[in-house]
Structures are given as structure tokens and as C-alpha cells.
Amino acid sequence: MQKTKTKYATSTFLGIFLFLPIFTYGQKANQIKGNPEYIWVESISAEKSTSQEATLKNLTQKLSEIIRINSNPNTNKRLWEGYTSELLHHTSTITSELKNKYVTLRYIHSDSIKNIFKSREGKIKEMLSMAEAAEQRLQIDIALRNLSWAKILLQTLPEPESLAYKDRNGSVSSAKIWATDKKSNILKSTEATFSINGNKDSVLVEIAFTYTGKPVRSLDYRFFNGKEWSGIYSAKDGRGVIENPSSNNPEEFKVKYESNHPHLMHIDKQIEE
């Protein structure tokens, strides 16, 4: 009799365990669905990963319909699609297998939505701080790139004007205004001086780059030879070189400093998107 009772108890326990995932999913999912403070979507698929990926895409779409970052619906949707990494971090999922299908519920509490934007705000401030540090080290390419990319990310915030930035001197101002003014000042304070060396068969244009009178450590630029603009060149330790330009008249030469660095945007998906 004792053995029979033990066997019966074990069998009952296993039965409860096997049905627990479905019961738990349904109970908790219904609680979330019935709570107006949650924003949620649900997806069913034969593959678990497909089900979860679908909920991420659908929740992004749903949030873009509820919260406006940009007044243009298409632009607003595109901006929300750039928040994929933040949504992965700040949303939760419940997935259960039911009749050879995977059911996934992805949800976020309304109070947690602000944390998505806080993550982006923190990244913007970090970029502005990196730009300051790079400027002090005379790494003009890095300074301009971080300022330009920070301005791009500012456009993805619902209220970009409200974000404040405290610089290394302790001054607090609008991040948007600070980034714009800093970029303008760097461009105005960067100078290029041309000198030509060589002979009729080979001409070498040397460019001396300075920032506030000091040789730059690094800088990216494009060169105008009198007819067309070049691709991107890099100057190191205050010196850039152009070989055999179409003109040897320094008065026709121009440079413009690369700041957006579109060829590097693939490094950061949030910038690229």
C-alpha cells in the first residue's frame, strides 16, 4: 500500500508539472492583457525565434502609433524602428508551446517607456562628452563625428530641446544648442595652409592643419583641386598630402572637413537607422 501511494503521488506531480507552463502562460498573459497600464502584442509561429521576433516588430509598430516622436507617420515609424536594442532591453516576453506552435506575448509597462528614451539620452550625453575629450586631444575627426552623430540621435527623442548637457566646465545648457555651437566653433577654429613641392612630372601638395593654432592629431577632409572634390583623406599630426592634383595653383585649392562620416555609420546601428 505504501508503494502504491508513493507511485500515485509522483504521477500526479508530473501531471501538474507538464501542464504548468501552459497554465502559467495563460494566467499571467491574461493579467497583463487585462491591465491598461501595459502595452502588449502577441504572436504565434511554428518557430520560437520567429514568434519572438514578430512580437518585437509588432510592438515597435504599436508604440509608433501611440507615441509620436515625429509628426510624419512614416518618419515616426522609422525612428521607432531605430529603438530595437532599447526595446529588447526594456520589454519582457512570455513564450509557451501549445499544439506544436509557439505563442509569445511581448509587453512593456507604460511607466517603463520613459526608460527607453533615457537610454538614448544617456548615449547622446556620452557622445558629447567624448567630443569634448577628443577636442582637447586635438582629435578633430573624432570630435566632429561625435557631435554630428549626437545631433542625429537628438532628432529621435520626443522632446530634444528639453535634454540638458553639463560640460566639463560645469556649465549646463541645451544639448542641442551646445552640440551645434561646439561644432561650429571647431570648424571655424580649424585652418589649412597649402604648400606645393615637386616638378613638372610630379606635384605634391602638402596641407598643414591646425586647430586654435596647434597641429591637429587627426582630421578627415575632402580636397578640391580646382575641378572636383576628392574622396575622404585623413590628416595625421597636422599634415595631409595630395599627389598630382589637376591644378598647381593654391588659390584654386579648398578643403572641407568631414563631420558626419557616413562611411562609418554602419558601426552604430542606431545612427545608421
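A residue counts as buried when its relative accessible area is under 20%, and as exposed when that area is over 50%. In this predicted model, 37% of the 273 residues of the protein count as buried. The protein exposes about 16,200 Å², and carbon and sulfur atoms supply 51% of that area.

**Overall build**

The protein contains eight helices and 12 strands. Among contacts with a separation of 6 or more, 61% join residues 24 or more positions apart.

The largest nonpolar core has 49 residues, and Leu128, Phe209 and Tyr221 touch the most other members. Another core, of five residues, lies apart from the largest one; Ile32, Ile94, Leu105 and Tyr107 are among its members. Leaving aside residues up to four places away in sequence, Phe209 touches residues that include Glu191, Ala192, Leu219, Tyr221, Val255 and Tyr257.

**Strand β1**

Strand β1 covers residues 38–45, and its side chains alternate between two faces. Ile39, Val41, Ser43 and Ser45 point to one face and are buried. Tyr38, Trp40, Glu42 and Ile44 point to the other face and are not buried. Strand β3 (residues 101–109) pairs with β1 in the antiparallel sense, over eight bridges. Within this pairing, Val41 stands opposite Arg106 in β3.

**Helices α2 and α6**

The end C-alpha atoms of two helices can be checked against the span expected at 1.5 Å a residue.

| Helix | Residues | Expected span | Distance between end C-alpha atoms |
|---|---|---|---|
| α2 | 48–66 (19 residues) | 27 Å | 27 Å |
| α6 | 140–154 (15 residues) | 21 Å | 21 Å |

For α2 the distance agrees with the expected span, and for α6 it agrees as well.

In α2, the buried residues are Ser51, Thr55, Leu56, Leu59, Thr60, Leu63 and Ser64. The elements that cover them include β1, α3 (73–81), α4 (84–90), β3 and α5.

In α6, 12 of the 15 residues are buried, so this helix is largely enclosed by the rest of the structure. Its buried residues include Ile140, Leu144, Leu147, Trp149, Leu153 and Leu154. Asp141, Arg145 and Asn146 are also among the buried residues of α6.

**Glu135 in helix α5**

Glu135 is found in helix α5 (residues 113–136). Its relative accessible area is 15%, so Glu135 is buried, given the cut-off of under 20%. The side chain of Glu135 makes a polar contact with the side chain of Tyr211, at 2.6 Å. Not counting residues up to four places away in sequence, Glu135 touches Ala143, Lys182, Ile186 and Tyr211. Of these, Ala143 is one of the buried residues of α6.

**Two residues with positive phi**

Most residues other than glycine have a negative phi. Two loop residues are considered here.

Leu138 is found in the loop between α5 and α6. Its phi is near 65°, a positive value in a residue other than glycine. Leu138 has a relative accessible area of 16%, so it is buried.

Asp237 lies in the loop between β10 (229–236) and β11 (239–243). The phi of Asp237 is near 55°, again a positive value in a residue other than glycine. Asp237 has a relative accessible area of 63%, so it is exposed.

How values were computed
Residues are numbered from 1 along each chain as its sequence is written. This is a predicted model: local features need pLDDT of at least 70, side-chain atom pairs count only at pLDDT 80 or more; totals for chains, interfaces and linings use all residues. Side-chain values use heavy atoms; hydrogens and water are left out. Helices (H or I, at least four residues) and strands (E, at least two) are DSSP runs, numbered from the N terminus. Buried means under 20% relative accessible area, exposed over 50%, partly exposed in between (1.4 Å probe, protein chains only). Contact means heavy atoms within 4.5 Å. Accessible areas come from the Shrake-Rupley method with a 1.4 Å probe; for residues, only the protein chains shown count as cover. A nonpolar core is a set of buried Ala, Val, Leu, Ile, Met, Phe, Trp, Tyr and Cys residues joined through side-chain atoms within 4.5 Å. Two strands pair if DSSP finds at least two bridges between them. A polar contact is a pair of N or O atoms within 3.5 Å; within protein, one must be able to donate a hydrogen and the other to accept it, and residues adjacent in sequence count only if both atoms are side-chain atoms. The expected span of a helix is 1.5 Å times one less than its number of residues.
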